[in-house]
Amino acid sequence: MNVLAGIESLASGIGALVFSLLQAWLLVHAARRVLGVPVGWLRSFCVSLLTIGIFSGVIGWALESGTMVITEASAGAGLLVLLVLALWGFAFSAAVLVGLEVLWPTGSLPPLRSAFLGWGRRFATARRYAQITAILTRNGLTSQLRGLRGDDRPAVTAHSLRLALEQSGVTFVKLGQMLSTRADLLPPVYLEELSHLTNRVAPQPWPVFAQAVEAELGRPLGEVFADIDPEPLASASLAQVHIATLTTGEPVVVKAQRAGADAQVDLDLDILRRLARRLERGTPWARQLGVSGLVEGFAASLNEELDYRAELDNMEALRPSAQARGVRIPLVYEALSGRHVIVMERLTGTPIAQADALIGELDAEARSASVQQLLGAVLGQLLGDGIFHSDLHAGNVLIWPDGSVGLLDFGSVGRLDAPSRQTLALMLWSIDADDPVLATDCVLELLDRPGTLDERALQREIGLLITRYRGGIGRGGSLKVFGELLSLVMRYGFGVPPQIAAALRSLGALEGTLKRLDPGLDLVEAARSAAKDVTGDLSPEGVAAQAQRRLVRVLPVLEHLPRRVDKLTEDLTEGRFTVRVSLFSDRDDRRFVTSLVQQLVLALLAGAAVLGGILLVTTGGGLPLIAGIDTFSLLGFLLAFAGVILALRAVALIFTRPR
């Protein structure tokens with residue numbers, strides 16, 4: 001008997017639970033439909049269960065205590081009252097959901113599974129975050145960063161920032177190196193200090209390196225290389241390079257990513273994103289610069305650099321232009337290369353940074369030929385191909401005893417579209433031709449114009465800049481004009497697209513390399529000679545020929561122009577000329593106005609319904625239904641319920657966005 005009673009009790013409990021779940025499911029669908037916003041299922045279900053529990057308890061208490069008495073004669077009216085109470089329970093759950101959406105929109109909180117998964121990464125992130133914070137504190141940057149743009153000791157802060165970045169590891173060193181090229185973001189004192197960042201680190205032990213290469217190749221080193229030097233040729237924060245010889249006898253170099261670099265960079269990028277959000281919340285200069293967007297751009301660039309397949313693509317893209325001008329780029333063994341390893345031809349040249357003795361043995365003619373060769377290749381990349389090597393320091397340029405040159409390290413490459421290349425070529429020509437008007441027009445075309453600009457003052461300063469550097473041609477003209485031009489336009493508030501900044505900085509960085517080849521070199525004259533092959537003939541005859549070619553393109557339009565002009569003038573004369581204006585033709589404008597009207601109508605209807613319901617409830621009257629409730633009161637509760645629902649929908653539309 002007890003067993004049967006237990007089974008009946010269990011069955012009734014299961015039935016009640018199933019009924020409650022069904023009620024909650026219906027309530028969830030109704031709430032999402034009525035509110036008009038995609039409220040999360042989990043929170044909707046939880047709120048629905050809570051509402052059912054509360055109102056079931058309230059109704060049960062009212063019936064048991066005699067507060068609400070339903071007799072056999074008033075059973076129909078009692079059911080109607082219970083229905084109204086259920087509707088108000090629905091209104092309560094909708095109000096709770098709207099409040100949750102206003103405070104914590106759906107999707108803003110981590111998913112429930114994150115409470116049980118990923119604790120290992122959380123601990124690693126917290127430990128690394130504590131390390132970075134300790135480094136910033138040790139270098140006295142926790143307070144200085146708040147006033148970076150207005151620091152009264154910029155040199156000290158810049159030096160501390162460089163030390164902190166070096167101590168923080170590879171990702172932060174790469175960030176500092178990227179920032180050192182952004183004159184549009186940081187003051188000159190920071191650019192100068194960050195340009196001294198180095199990423200030299202102790203090499204990984206040979207067994208670790210060998211294991212990483214074997215894992216990438218998918219076979220033992222002995223099956224690929226006849227020999228490989230355990231001592232690295234170079235060691236940096238992300239990669240390590242070793243000399244080797246293939247089993248077929250070709251001398252090569254093996255560039256492999258350091259073990260664990262991917263995981264370390266991923267963790268550091270997470271830290272950088274947190275720091276960026278924290279800085280934007282607490283410092284005006286970070287919000288002005290858009291530090292979070294800057295970090296996201298840096299993350300995309302660094303992730304591309306970690307994938308050596310992108311570097312392989314860069315080498316193949318630059319190879320035709322470089323080889324056409326006699327500049328060597330190492331051949332790649334694609335079958336042995338992949339995401340984390342590159343096996344390439346071993347070039348026997350000497351980096352210019354270490355080639356003072358070799359350069360000293362070259363005669364003036366050979367050095368000049370080397371300069372023209374390198375400069376012509378770089379200008380060809382910039383102005384002709386649109387893809388260029390953006391890290392042309394003296395360690396990435398090789399030279400041979402015969403004066404020929406080559407390039408290394410293609411992880412940092414910039415790209416320019418056709419209009420930007422053409423405008424940049426015209427700017428080079430305008431500087432050479434001492435034409436500040438054309439140079440100013442090119443600046444306005446290349447860069448993002450500020451809201452307020454004194455064009456006459458800008459043109460005068462550009463003219464003075466050109467005159468100053470052209471005046472130095474006889475004493476060895478300088479490509480620093482591009483760096484000065486970049487600083488000038490930043491002072492006027494121009495926005496500099498990253499690729500344009502990279503191109504101008506690349507030209508400025510190239511000067512140091514070329515000056516090591518020929519200290520007395522007139523770089524402006526050399527650039528003039530090298531650019532002729534790229535920009536074409538910009539003499540009056542050449543410009544006339546270009547104008548004729550462009551005129552041919554617009555001839556079809558010119559043929560129809562007289563007839564169209566004649567029709568316009570005839571319509572004006574006869575009074576038939578009309579202009580049709582379509583208000584709100586843009587879809588976004590229509591959507592905005594429609595949303596505004598909907599919210600206004602909802603607010604008016606909600607206000608009227610609530611006021612009408614209050615009047616009916618307070619006035620009373622009509623047929624009595626059950627104790628204390630008559631027909632007018634019931635209608636008032638129904639009308640007020642409708643007003644509350646309309647008001648909640650209006651609030652949901654205002655404070656939430658479709659996702």
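How much space lies in the largest cavity? About 50 Å³ lies there, as the second of the close-up views below describes.

The structure is a predicted model, in which local features need pLDDT of at least 70 and side-chain atom pairs count only at pLDDT 80 or more, whereas totals for chains, interfaces and linings use all residues. Residues are numbered from 1 along each chain as its sequence is written, and side-chain values use heavy atoms, with hydrogens and water left out.

**View 1. An open sheet of three strands, with helix H14 packed on it.** The strand order is E6-E8-E9 and the pairing is antiparallel, where strands (E, at least two residues) and helices (H or I, at least four residues) are DSSP runs numbered from the N terminus, and two strands pair if DSSP finds at least two bridges between them. Strand E6 (350-351) and strand E9 (405-407) are the edges, each having a single partner strand, so one side of each is left without a neighbour in the sheet. Helix H14 (residues 364-385) packs on this sheet and touches E8 and E9, its direction making about 35° with that of E9; contact means heavy atoms within 4.5 Å, and axes are lines fitted to C-alpha atoms, for helices over the stretch in contact, with angles from 0 to 180 degrees between N-to-C directions. E6 is joined to strand E8 (residues 397-399) by two bridges, and Thr-350 has Ile-399 as its bridge partner in E8.

**View 2. The largest cavity and its lining.** Three cavities of 30 Å³ or more are present in the structure. A cavity is a set of points on a 1 Å grid over the protein atoms alone where a 1.4 Å probe fits but cannot get out, and lining residues have an atom within 4 Å of a point; grid points are joined across faces, edges and corners, and a volume is the space filled by probe spheres set on the points. The lining of the largest cavity consists of Met-427, Val-443, Leu-446, Leu-447, Leu-485, Val-489, Ile-500 and Leu-504, and helix H16 (436-446), helix H18 (480-491) and helix H19 (498-517) each supply at least two of its residues.

**View 3. The second largest cavity.** Its volume is about 40 Å³, and among the residues that line the second largest cavity are Met-427, Ile-431, Ala-439 and Val-443. Helix H17 gives three residues, the largest share of this lining.

**View 4. Helix H14 and the residue after it.** At 1.5 Å a residue, the 22 residues of H14 should span 32 Å, and its end C-alpha atoms are 30 Å apart, which agrees; the expected span is 1.5 Å times one less than the number of residues. Just after H14, Gly-386 adopts a positive phi of about 85°.

**View 5. Surroundings of Val-241.** Val-241 belongs to strand E3 (residues 239-246), and its C-alpha atom is 4.4 Å from that of Lys-255, although the two residues are 14 apart in sequence.

Methods
1 Å grid on protein atoms, 1.4 Å probe; cavity = no way out; pocket = protein on both sides within 12 Å on 5 of 7 lines; lining within 4 Å.
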